Amino acid sequence: RDSLESRARRKVHCSGRDVGKTAEIEIMAAWASMVLPNKSMLIATQHEAHITPLMRRLQNLFENNPALSSNVLAIRATPAWHFTFKNGFEIHGRIAGKDGINFQGMHVDFQIVDEAQNMEDESWNQIYPALNGEGFRWIYGVPNGLRNQFYHLSRNPQYEQHHWPSTFNPEYTPAKDAE
């Protein structure tokens, strides 16, 4: 609840698997589409295998929820994900691409980085300047033991910190953890 109600400009989740990080991203995208007219959001991952399932979940949400679908103007999946809304809000779904090239030239008001443990350093270097002043950057990932930028951000006191262990999932078992 604390994370969902947060309005921190910088927030990082260094949390276990299957604890609700993606569900929170869905909720935040739906909320933003309704209350941030004429603003823009970038949802970013390093790899296509991570962005496509997340964006398809959002597409399903926006197309099948009557309260949200009435605001949808268009949803495009190629060449990159782009949702536009009648109130002027936009969601861009992008993979980093080689050296973060797919973030170059972007200027958004809200950044969400999913599967952040996989983001390469050069991708981080390109996504940082893509955020407009006073914008929000929320980061979600699973610790993987690497001392990369995600690791450092998950210990940065300028970021609101959230650490949800895998045991928060009611279906957690030691066997699932070992998997």
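**Exercises on a predicted model: Phe62, the cores and strand E2**

**Exercise 1.** In this predicted model, find which residues Phe62 touches, leaving aside residues up to four places away in sequence.

*Solution.* Start at Phe62 and collect its contacts along the chain: they begin with Ala29, Ala30 and Ser33, continue through Leu68, Ser69, Val72 and Ile75, and end with Phe83, Phe85 and Ile91. Next, place Phe62 in its wider setting, for it belongs to the largest nonpolar core, which has 24 residues, and it is listed with Met41, Ile43, Met55, Phe83 and Ile91 as touching the most other members. Then ask where the core residues come from: helices H1 (21-35) and H2 (48-64), together with strands E2 (40-45), E4 (81-85), E6 (108-113) and E7 (131-141), each supply at least two of them. Finally, keep this core apart from a second, separate one of 18 residues, whose members include Ala116, Ile127, Phe150 and Leu153.

**Exercise 2.** Decide how many residues of E2 are buried, and why E2 can be called largely enclosed by the rest of the structure.

*Solution.* Taking buried to mean under 20% relative accessible area, one finds that 6 of the 6 residues of E2 are buried, and therefore the strand is largely enclosed by the rest of the structure. Checking each face in turn, Ser40, Leu42 and Ala44 are buried on one side, while Met41, Ile43 and Thr45 are buried on the other.

**Exercise 3.** Work out which strands pair with E2, and in which sense.

*Solution.* Consider E5 (residues 90-95), which pairs with E2 in the parallel sense over 6 bridges, with Ile95 as the bridge partner of Thr45. Turn then to E6, which also runs parallel to E2 and is joined to it by 4 bridges, and where Gln111 stands opposite Leu42.

Technical notes: Residues are numbered from 1 along each chain as its sequence is written. This is a predicted model: local features need pLDDT of at least 70, side-chain atom pairs count only at pLDDT 80 or more; totals for chains, interfaces and linings use all residues. Side-chain values use heavy atoms; hydrogens and water are left out. A nonpolar core is a set of buried Ala, Val, Leu, Ile, Met, Phe, Trp, Tyr and Cys residues joined through side-chain atoms within 4.5 Å. Buried means under 20% relative accessible area, exposed over 50%, partly exposed in between (1.4 Å probe, protein chains only). Helices (H or I, at least four residues) and strands (E, at least two) are DSSP runs, numbered from the N terminus. Contact means heavy atoms within 4.5 Å. Two strands pair if DSSP finds at least two bridges between them.
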